[in-house]
Amino acid sequence: MGNEAKLLETFQKRINAGEKIEPRDWMPERYRRQLIRMMSQHAHSEIVGMLPEGNWITRAPNLRRKMALLAKVQDEAGHGLYLYSATETLGVDRYQLIQDLLEGRAKYSNIFNYPTLTWADVGVIGWFVDGAAIVNQTMLAKTSYGPYARAMIRICKEEAFHKRQGYEICVTLARGTPEQRRMLQDAINRWWWPTLMMFGPPDDQSPNSAELLRWKVKRKTNDELRQHFINITVPQVLALGMTIPDPELRYDEKTGNWLIGPIDWDEFWRVIRGHGPCNRERLRARRKAHEEGAWVREAVQAYARKRQQRAAQPVAAISQE
Amino acid sequence: MENGLRLWEVFVQSRTGKPHEHVGSVRASHAEMALQHARDVYARRGPVVSIWVVPTEAIYATQPGDEGPFFDPADTKPYRHPLFYKVPHGVKNI
């Protein structure tokens, strides 16, 4: 057996035994690549995910909602940073990853290419989109790569607030005027299907799944996660007196699953390839924010240089420090 | 200039008496900035009583391959453990 094959065998044994892989451990190049791809996409999603909701901060209906939304959007920025940090342990540079995003080479979650048209969207995003993210991230908290798992544990703890503040907004609207109820139903109708697509293509069309499962990067398949989300969410929708925009939806007594009609995967691929309602707008907003922040980055560098120069002149340094 | 900011490892203590625990990293040009970023990123919610930031390149660590030879001595010194020493049956609180 070649050296590489032996290493691979040991690696797989460690994975099977439930051990975590740490940054300095040997890992197959493909494992590293797959993780960089997944984790950086995840980081980008957190960052781009600030945009649809950030859009509503100034229009939140009262101070309580505004504080909650500000804190949530700030959390998303933090989650992006946890994930860039964890991705850097794989030997990539976060500035390169950010550049890939800004230049349109990197992907992020499709869901953020849809617009937030009304205040109800903010509630439904917290409830559906963060709810779906929790399902996915609870699984990833047990992923085989140590730094990713640790970042996920931190993130999961914080997401619970996101979901509840979203549901609270929806409960308020559901108990409100007929117009508020219509607004909520409309938001549910628009977000339901794109949220289900967040779990990725069906298992028989998911090229990376088998490998990721074997390496325990993922512990469940896309369809398993999607079904779990549907099962917990449908009763929450019904509890508000709202409906799911799916005429084929039915409860299956035998399996205890809520079964859905077909998902429009053409739409999914269309949006991934850049033809969603907001793809261009999101990247434009990211680039603008990055460009407008250039002076801050320059100032920080200038300050660091100045400090270094000062440190090189001991007398001046003493009087300053 | 984009790649100029140094990488710093962040350690957070959740309350006094507990150890500082590694939580991740931040990019910053100098220590105070690293500390502020670490606060914003890793201490948005309590409880946190103390943060350390350390330049990543200042950490000198064992390699995974060291596991055997480097840590072996610990395995060959059973006399460091209390159960190595025999006590007559029935004797208590020793």
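Is Asn93(B) buried or exposed? In this predicted model, Asn93(B) counts as exposed because its relative accessibility is 85%, and the cut-off for that class is over 50%. Along the chain, Asn93(B) sits in the segment that follows helix 2 (67-75) of chain B. Its backbone deserves a second look as well: phi of Asn93(B) is near 55 degrees, a positive value in a residue other than glycine. Most residues other than glycine have a negative phi.

Chain A offers a similar case to look up in the structure. Lys216(A) has a phi near 55 degrees, again a positive value in a residue that is not glycine. This lysine is found in the loop between helix 9 (209-214) and helix 10 of chain A. With a relative accessibility of 21%, Lys216(A) counts as partly exposed, because the buried class ends at under 20%.

The loop that holds Lys216(A) also holds Trp215(A), a good place to turn to aromatic rings. Over all chains, the structure holds 19 aromatic pairs. In one of them, the ring centres of Phe11(A) and Trp215(A) are 6.5 Å apart and the planes stand at 80 degrees, so the pair is edge-to-face. Phe11(A) belongs to helix 1 (residues 3-16) of chain A, while Trp215(A) is in the loop between helix 9 and helix 10, so this pair ties together parts that are 204 residues apart in sequence. Phe11(A) and Trp215(A) are both buried.

Trp215(A) has another ring partner, Tyr31(A), and this pair is edge-to-face too, with 5.6 Å from centre to centre and 85 degrees between the planes. Since Tyr31(A) lies in helix 2 (residues 29-48) of chain A and Trp215(A) in the loop between helix 9 and helix 10, the pair ties together parts that are 184 residues apart in sequence. Tyr31(A), like Trp215(A), is buried. Elsewhere in chain A, ring pairs link Trp127(A), Phe128(A), Tyr167(A), Trp192(A), Phe199(A) and Phe229(A) into a cluster.

One member of that cluster, Phe199(A), leads on to Asn222(A), whose side chain reaches the backbone oxygen of Phe199(A) at 3.3 Å. Asn222(A) lies in helix 10 (residues 222-239) of chain A. Its relative accessibility is 4%, under the 20% cut-off, so Asn222(A) counts as buried. The side chain of Asn222(A) also makes a polar contact of 2.5 Å with the side chain of Lys218(A). Leaving aside residues up to four places away in sequence, Asn222(A) touches Phe199(A), Gly200(A), Pro201(A), Asp203(A), Ser206(A) and Ser209(A).

What, finally, do the two chains share where they meet? Here 23 residues of chain B are in contact with 24 residues of chain A. The size of an interface is often given as the accessible area lost when the parts come together. For chain B and chain A, the buried area is about 2,200 Å², with 48% of it on carbon and sulfur atoms. Seven salt bridges are counted between the two chains, including one of 3.5 Å (N to O) in which the side chains of Glu32(B) and Arg307(A) meet. Eleven residue pairs are in polar contact across this interface, with both residues at pLDDT 80 or more.

On the side of chain B that touches chain A, strand 2 (21-28) and helix 1 (31-42) each supply at least two residues. Strand 2 gives the most, with five residues. By residue type, this side of chain B divides into ten nonpolar, eight polar and five charged residues.

Methods
Residues numbered from 1 in each chain as written. Chains lettered and ligands numbered in written order. Predicted model: local features only at pLDDT ≥ 70, side-chain atom pairs only at ≥ 80, totals over all residues. Heavy atoms only, no water. Helix = DSSP H or I, 4+ residues; strand = E, 2+ residues; numbered from the N terminus. Buried < 20%, exposed > 50% of the residue type's maximum accessible area, 1.4 Å probe, protein only. Polar contact = N/O pair within 3.5 Å; in protein donor to acceptor, adjacent residues only side chain to side chain. Contact = heavy atoms within 4.5 Å. Buried area = accessible area lost by both parts, 1.4 Å probe. Salt bridge = Lys/Arg side-chain N within 4 Å of Asp/Glu carboxyl O. Nonpolar A, V, L, I, M, F, W, Y, C, P; charged D, E, K, R; others polar. Phe/Tyr/Trp six-rings, centres within 6.5 Å; stacked < 30°, edge-to-face > 60°.
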